[in-house]
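This report looks at one helix and its surroundings, and then turns to the shell around a bound ligand.

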Amino acid sequence: MACLTSAAVGLFGGTFDPVHHAHLRLAVEMRETLGLRELRLIPCHVPALRGAPGASPAQRRTMLELGIAGEPGLLVDDRELRRAGPSYTVETLAELRRELGPTVPLVWLLGLDAFAGLPRWQRWTELTAFAHLAVLARPGAALPQDAPLQSFIAAHRCEAAVALTRPSGGLWFQPASRLEISATAIRTAIAAGRSVRYWLPDAVEAFIRREGLYCPPAPSTRLETTCCN
Ligand SMILES: Nc1ncnc2c1ncn2[C@@H]1O[C@H](COP(=O)(O)OP(=O)(O)OP(=O)(O)O)[C@@H](O)[C@H]1O
Ligand SMILES: O=C(O)c1ccc[n+]([C@@H]2O[C@H](COP(=O)([O-])O)[C@@H](O)[C@H]2O)c1
């Protein structure tokens, strides 16, 4: 179902440690399906609710740039990497709203696993003051039944994607490809010396190998490990 709003801007935040084909496929699908004028991938700097990423902010930004290379309408917005402290989405959305003006529809995309944890986000009930939320199904993720999230859903859920032509305020559950890929599985496979081919773009994998990312530190310089390269 297309939302037919060529003015809308999509925002897809993540740790992207590393970016993979589920992120990229969903980004392309959402741009087409919601008729977004552009879709910005926004790498977080300091994740608010998890430990430090394995790759540096600059490495995660480079991997995103390699991942989207040549795809029209996708771009990397590195504003969170330039902001100190935990990357709170509400601050990012407030900043984007100030920059882009009061009328442009903003759509923040997130997987169902991330949505399930929404009540732990900073000032989470204010998010819809700045943008819509579009939730993407994810294999293995389920909607929790907790009361705060259920009342949020009741207050904001849109019946039709056309509601996303307004600037903000809606919650939309978006049917999309269900791809069982995760950055955790990629990092684990690399550390174990297994193949990650077809989970992520070749250019991103080549960068990971070049930079030696996600390998456990060698136990000593004399005991060479074979896992990563
Ligand atoms: N396979 C997927 N299907 C749907 N949404 C996804 C998928 N992978 C990631 N996302 C969503 O993309 C956003 C950014 O995810 P993130 O960068 O943390 O990747 P991840 O694969 O979930 O990483 P990790 O395994 O390290 O938690 C989140 O909103 C997450 O829910
Ligand atoms: O604002 C918050 O408190 C907050 C808490 C957890 C996650 N987020 C954002 O949600 C997006 C997905 O996060 P993650 O951990 O699944 O990669 C990413 O843009 C994070 O900055 C934001």
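## A helix and a ligand shell

In this predicted model, the buried residues of helix α3 pack against three strands, β1 (9–14), β2 (38–43) and β4 (106–111), and against the helix α5 (127–130). The residues of α3 that count as buried are Thr89, Thr92, Leu93 and Leu96. Seen down the axis of α3, these buried residues fall within an arc of 95 degrees, so they line one face of the helix. An α-helix has 3.6 residues a turn, so residues three or four places apart point the same way.

Helix α3 itself runs over residues 89–100, and its 12 residues reach 16 Å from the first C-alpha to the last, which is close to the 16 Å expected at 1.5 Å a residue. After α3 comes Gly101, whose phi is positive, near 95 degrees.

The shell around ligand 1 comprises 18 residues, of which the closest are Gly14, Ala22, Gly111, Ala183 and Thr184. At least two residues of this shell come from each of α1 (21–33), β4, α4 (112–116) and α7 (183–191), and α1 gives the most, with three residues. The make-up of the shell by class is as follows.

| Class in the shell around ligand 1 | Number |
|---|---|
| Nonpolar | nine residues |
| Polar | six residues |
| Charged | three residues |

According to the UniProt annotation, from an unreviewed entry, residues 11–188 are covered by "domain: Cytidyltransferase-like". Over residues 11–188 the chain is 35% helix and 16% strand, while the end C-alpha atoms are 28 Å apart.

Notes
Residues numbered from 1 in each chain as written. Chains lettered and ligands numbered in written order. Predicted model: local features only at pLDDT ≥ 70, side-chain atom pairs only at ≥ 80, totals over all residues. Helix = DSSP H or I, 4+ residues; strand = E, 2+ residues; numbered from the N terminus. Expected span 1.5 Å × (residues − 1). Buried ≥ 20, exposed ≤ 12 C-beta atoms within 10 Å, placed from the backbone. Arc of directions from axis to C-beta. Contact = placed C-beta atoms within 7 Å. UniProt positions renumbered as here; feature names shortened; annotations may be inferred. Near = placed C-beta within 6 Å. Nonpolar A, V, L, I, M, F, W, Y, C, P; charged D, E, K, R; others polar.
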